[in-house]
Amino acid sequence: MSLREFAEALPDYAKDIRLNLNSLAGDQTLNDQRKYGLLLTTAHGSGYKPLVEAAEAECVPRLSPEAANAARAAAAVMAMNNVYYRFTHLASNKEYGTLPAKLRMNVIGAPGIDKADFELFCLAVSAQNGCGMCIDSHEKVLKGHGVPSDVIQAAARIGAVMTAAATVHATRV
């Protein structure tokens, strides 16, 4: 199943989600590696297998093996980091934020693709998972790499649409 077919399976009450999902592939704000990498990353970030399968089918042929692996790795490491760092941020006891995380996250330092692209993938999943601390951290790195605000916004928008698509579809299956 393609992402378009996935979108067409959404009910009429989610027409806006269907239209937004269909328009993502045509977005000219992002180059193909970023666009298809973000679609794959945020599908994995949703944790919804039918969306992951649709994104794998559509995006992997358009990505290098390194970029596809980095997209999956970003979703995986952010699944861990977003929970941990959201905890340190939300806990009333601020001591947790001063303690070493003691979590392996080597892929962030050596993602196998352009660092800015990987950071964009991480930011999108952080937006999906609602980790403000991680969003701020990745946005700062992206700005340091000269990534403009409209590209960062596009990454967050893809995360939002993919999450909504997964949520609505899950209620229909």
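Start by selecting Ile17: leaving out residues up to four places away in sequence, Ile17 touches Leu10, Val161, Ala164 and Ala165. You are looking at a predicted model, so keep that in mind as we go round. Ile17 sits in helix α2, which covers residues 15–24. Now add Ala7 to the selection and draw a distance between the two C-alpha atoms: Ala7 and Ile17 are 10 residues apart along the chain, and the separation is 7.9 Å.

**Stepping back**

Zoom out and colour by secondary structure. The protein has 9 helices and 0 strands, and from the N terminus on the elements read α-α-α-α-α-α-α-α-α. The radius of gyration is 16 Å, close to the 16 Å given by the globule rule for 173 residues, so the protein is as compact as a globular protein of that length. Turn the C-alpha trace along its principal axes and you will find spans of about 50 × 30 × 25 Å.

Switch on a surface next. The protein exposes about 8600 Å², and carbon and sulfur atoms supply 54% of that area. Of the 173 residues, 45% count as buried. If you have a contact map to hand, look at the pairs with a separation of 6 or more: residues 24 or more positions apart account for 69% of those contacts.

**Two helices that pack**

Select residues 32–46 for helix α3 and residues 115–129 for helix α7. Their axes lie 9 Å apart and the packing angle is about 35°. Which hand does the crossing of α3 and α7 have? The crossing is right-handed.

Show side chains to see who takes part. From α3 come Gln33, Arg34, Gly37, Leu38, Thr41, Thr42, Gly45 and Ser46. They meet Ala116, Asp117, Leu120, Phe121, Ala124, Val125, Gln128 and Asn129 in α7. Sorted by class, this contact has 6 nonpolar, 8 polar and 2 charged residues.

**Along helix α8**

Go on to His138, found in helix α8, residues 132–144. Is His138 buried or exposed? His138 has a relative accessible area of 6%, below the 20% cut-off, so this residue counts as buried. Setting aside residues up to four places away in sequence, His138 touches Met78, Glu119, Cys122, Leu123 and Ser126.

Now pick Ser137, also placed in helix α8. Ser137 is partly exposed, with a relative accessible area of 40%. For a distance to draw here, take the C-alpha atoms of Ser137 and Arg86: these residues are 51 apart along the chain, and their C-alpha atoms are separated by 12 Å.

**Another histidine, in α9**

Move to His169, which lies in helix α9, residues 149–172. The relative accessibility of His169 is 9%, which is under 20%, and therefore His169 is counted as buried. What is His169 in contact with, once its neighbours within four places in sequence are left aside? The partners are Phe6, Ala9, Leu10, Tyr48 and Pro50. Keep Leu10 on screen for a moment: Leu10 is also among the residues that Ile17 touches.

**Last stop: a loop**

Finish at Lys102, in the loop between α5 (65–90) and α6 (106–109). Check the backbone here: Lys102 has a positive phi of about 55° although it is not a glycine. Most residues other than glycine have a negative phi. On the surface view, Lys102 counts as exposed because its relative accessibility of 75% is over 50%.

Methods
Residues are numbered from 1 along each chain as its sequence is written. This is a predicted model: local features need pLDDT of at least 70, side-chain atom pairs count only at pLDDT 80 or more; totals for chains, interfaces and linings use all residues. Side-chain values use heavy atoms; hydrogens and water are left out. Axes are lines fitted to C-alpha atoms, for helices over the stretch in contact, and angles run from 0 to 180 degrees between N-to-C directions. Helices (H or I, at least four residues) and strands (E, at least two) are DSSP runs, numbered from the N terminus. A crossing is left-handed if the near helix is turned anticlockwise from the far one by less than a right angle, and right-handed if clockwise. Contact means heavy atoms within 4.5 Å. Ala, Val, Leu, Ile, Met, Phe, Trp, Tyr, Cys and Pro count as nonpolar, Asp, Glu, Lys and Arg as charged, and the others, Gly among them, as polar. The radius of gyration is taken over C-alpha atoms; the globule rule is 2.2 Å times the number of residues to the power 0.38. Buried means under 20% relative accessible area, exposed over 50%, partly exposed in between (1.4 Å probe, protein chains only). Accessible areas come from the Shrake-Rupley method with a 1.4 Å probe; for residues, only the protein chains shown count as cover.
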